[in-house]
There are 2 protein chains.
Amino acid sequence: MNHRLSTPPRDATLPEALVAALEAMFGERFSIRQAVRDHHGRDESFYDPMPPDAVLYAQSTEEVAEAVKLCASHEIPVIAYGAGTSLEGHVLAINGGLTIDLSQMNQLVALHAEDLTVTVQAGVTRKQLNAEIKDSGLFFPIDPGADATLGGMVATRASGTNAVRYGTMRENTLALTVVMADGSIVKTGTRARKSSAGYDLTRLFVGSEGTLGIVTEVSVKLYPQPEAISAAICSFPSTGDAVKAVIATIQMGVAVARVEFLDENGVRAINMRDKLGLPEQPLLLFEFHGSEAGVQEQAQLVQQITSDHAATGFEWATRPEDRSRLWAARHNAYFALLHLRPGCRAISTDCCVPISQLAECILDTKADCEKNGLVYSIIGHVGDGNFHVLMLVDPSDAAEVAKAEAINARMVARAIDMDGTCTGEHGVGLHKMEFLKQEHGPEALALMRTIKHAFDPKNLLNPGKIVSWE
Amino acid sequence: MNHRLSTPPRDATLPEALVAALEAMFGERFSIRQAVRDHHGRDESFYDPMPPDAVLYAQSTEEVAEAVKLCASHEIPVIAYGAGTSLEGHVLAINGGLTIDLSQMNQLVALHAEDLTVTVQAGVTRKQLNAEIKDSGLFFPIDPGADATLGGMVATRASGTNAVRYGTMRENTLALTVVMADGSIVKTGTRARKSSAGYDLTRLFVGSEGTLGIVTEVSVKLYPQPEAISAAICSFPSTGDAVKAVIATIQMGVAVARVEFLDENGVRAINMRDKLGLPEQPLLLFEFHGSEAGVQEQAQLVQQITSDHAATGFEWATRPEDRSRLWAARHNAYFALLHLRPGCRAISTDCCVPISQLAECILDTKADCEKNGLVYSIIGHVGDGNFHVLMLVDPSDAAEVAKAEAINARMVARAIDMDGTCTGEHGVGLHKMEFLKQEHGPEALALMRTIKHAFDPKNLLNPGKIVSWE
């Protein structure tokens, strides 16, 4: 995998007529300054930046539509940009073009508390959304870690720690407003919680990473803030025990809100940084949502199940400050890991397998990391069979980077062999394109290409991502 | 709405070479007998039958692929047929062609109890599935009423009474095997519970009613059989009170497994047939799934909430026989209603709206039925905002049929005005095609047509359903 892309960063090469039209229309919200372009040419991936030729800060669906129309008339690529927190090179302008930054489209359009739905502009972030709806007694559960925009979360089909209970963006997106490749505006779905009225356009855009259209408004489901929340933590002698405890918990029908796995490397990193004194063994963290009696019952049941799987040090807490202390381990894991090897960068990857295969997939991947002498940790949304590998590599050491990429490729092959997927929640971007064929086979990949060709016949929407054009 | 379709039933007009090839390949499982064709030319809709030219009983994905390939080479339409329980004319052979009956594809392919997934051939019915997996401690919750096949349930994006807790086929389908218009075989999805790996082909086929491909295998999520189940029933002075009680229940975060609404006409019909002696007022039926303590807590909470909304006669039960007695009202409603007007047939329609709009939508629809002097009842999966109208009409009375259709059209317009959908779970088939444009607008409808053209360029897969070709 080449992290220095072959196409060099270009000078602003947009046609003069297009630049003039965009400047006339948008004034200072259109920019060709290098700093602005550079900022929009990177995400949280390992790739070197690849800036667009220009950036537009759009403020409405109609503005996005006008800009896309102008670009289409000049056959210039258009890339949607939210918070820049994607992990696989999703927003890199590999063919140049105009990046449309949606972060100023940050208005809550309509909260319908009785219906448990909200409609927002695509640039609203999940934390902003939860802050704005707090007084309604409702919350939006999808939490991918980063404070991503809702538009970005739609684009990557985001999920995160709460997905085991509340689902992913796939299950929680009701309706979208999308600007198509020709600048036309399409509304998909309604605020009805279910529908059998025709092809599911909404879910076709969810996970399409800006390659089929630019999402400008999003309607999502909300949930009542739970009456009570409790958290629990416990340690296991082995990864296998921890995963088996999770399988048993789910098979018992315990509706855990979150269940997170940290391997011993992750625990060690947190101990070093935060002096938590946790046993340096595989760890599970649980969160339960429900009534006072319900969360107590769930925690007790889980204590029983985990102790049947050799867990030790079971602790549980209902007071917010105590819960925060338990969850600090999880929340700080990423930064604690970065401290393990200062000056290095993290290659972060994920995959997802049927849960019965999870222990084996994690253990084989750990063995591979060990054999190759990498500094790494595995952290998982284990209730869904989804885990992340963070590998700390020296970006200037090409051999080490290649080792990490080879481990990633073998992990993906392993997951696919187990009837799993090459990415549970990070998305494809640039970095996982070569794995899609392996996962879906040539027929399904050809179908995806058919859709791309039909929706974006000039290949102008975030070109070169997800599926290759030919 | 014309229930006698303009195309007359045709004689077997398949090309001789095609008939010979299909006979050679499938022997007695290929049939052009009139009785077999007639049986496959109807569903549970109000339409007069429209038989295909021939019927094939397929036994494997490869057989379906071979048959589709043969038909494609002669440009002959192909219609997939499961249990024939669709409600909107989905399986009618309006352009003739070959119907492929999948009911002999009734094998459970693989149960993965630890993963809470099962893979079945498309002809397995939901009752068969639940009977076969009973000993695993798991169950498949989607219950559209009829004992439909899983393939048919995928095709119509089915849901039913349990959807408020467990979701619909949209949320519960993991992976599909699909035969495409050219006879190629595509596998979509994996058994991983979530994925961000490319376009969501699975959900594009879910709800596509056999117009984009023929589903031959289905992998779905399963759930642990609940430790305890309880049921409750209560009556309300008005529809508005009943719906408000449901909104409050859901906003309190009570995870009801089912909550069903019956209007006073439905209750009256059941009383007449089954001598239940229920108050002839709007009624709610609840079901709760969870631990012993959990279902008791939920039932108590719901008793409190419903009594705050003027409910009377609250009864709850945990023993299976008592639960069955309470739910008998709901289960027998359809047949009880048919008894209200012997010799008549039911026109059954559905729509779905944001729940805050549900009472108004139901009340306006009731008023319309009353004004037109129809015998009718409204029954709803009220937790989702989804309700059904059953209108009993004399099929020989064209004026009465027209009245019922006009009421249906006004109900749909009302639902769409409320940001709802023309069908929550029945699907589009023939009967709701004209409403799709109203709901989605010309741009989204054009996108659906783009997909149909790209996937089925010769318009051979269940032609003339969901979206018109031009």
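## Two chains and their contact

Reader: How many residues does each chain bring to the contact?

Author: Happy to start there! This is a predicted model, and in it chain A and chain B touch each other. The contact takes 80 residues from chain B, and from chain A it takes 80 residues.

Reader: Which residues of chain B lose the most area to chain A?

Author: Let's begin with the whole contact: about 6,300 Å² is buried between the two chains, and carbon and sulfur atoms give 59% of that. On the side of chain B, three residues together make up 16% of what is buried. Those that lose the most area are B:Lys194, B:Ser196 and B:Tyr199.

Reader: Why do the copies meet through the same surface?

Author: Good one! We can compare the interface residues of the two chains. The copies meet through the same surface because the share of chain B's interface residues that are also interface residues in chain A is 100%.

Reader: What kind of axis relates the two copies?

Author: Chain B superposes on chain A with an RMSD of 0.0 Å after a rotation of 180 degrees, with 0.0 Å of shift along the axis. The copies are therefore related as by a two-fold rotation axis.

Reader: Which residue of chain B meets A:Asp419 in a salt bridge?

Author: Across the interface, the rule finds six salt bridges, along with 35 residue pairs in polar contact. In one salt bridge, the side chain of A:Asp419 has a partner at 3.3 Å, N to O. That partner is B:Arg191.

How values were computed: Residues are numbered from 1 along each chain as its sequence is written. Chains are lettered from A and ligands numbered from 1 in the order in which they are written. This is a predicted model: local features need pLDDT of at least 70, side-chain atom pairs count only at pLDDT 80 or more; totals for chains, interfaces and linings use all residues. Side-chain values use heavy atoms; hydrogens and water are left out. Copies are superposed by least squares on the C-alpha atoms of residues with pLDDT of at least 70 in both. Contact means heavy atoms within 4.5 Å. Buried area is the accessible area (1.4 Å probe) that two parts lose on being put together, summed over both. A salt bridge is a side-chain nitrogen of Lys or Arg within 4 Å of a carboxyl oxygen of Asp or Glu. A polar contact is a pair of N or O atoms within 3.5 Å; within protein, one must be able to donate a hydrogen and the other to accept it, and residues adjacent in sequence count only if both atoms are side-chain atoms.
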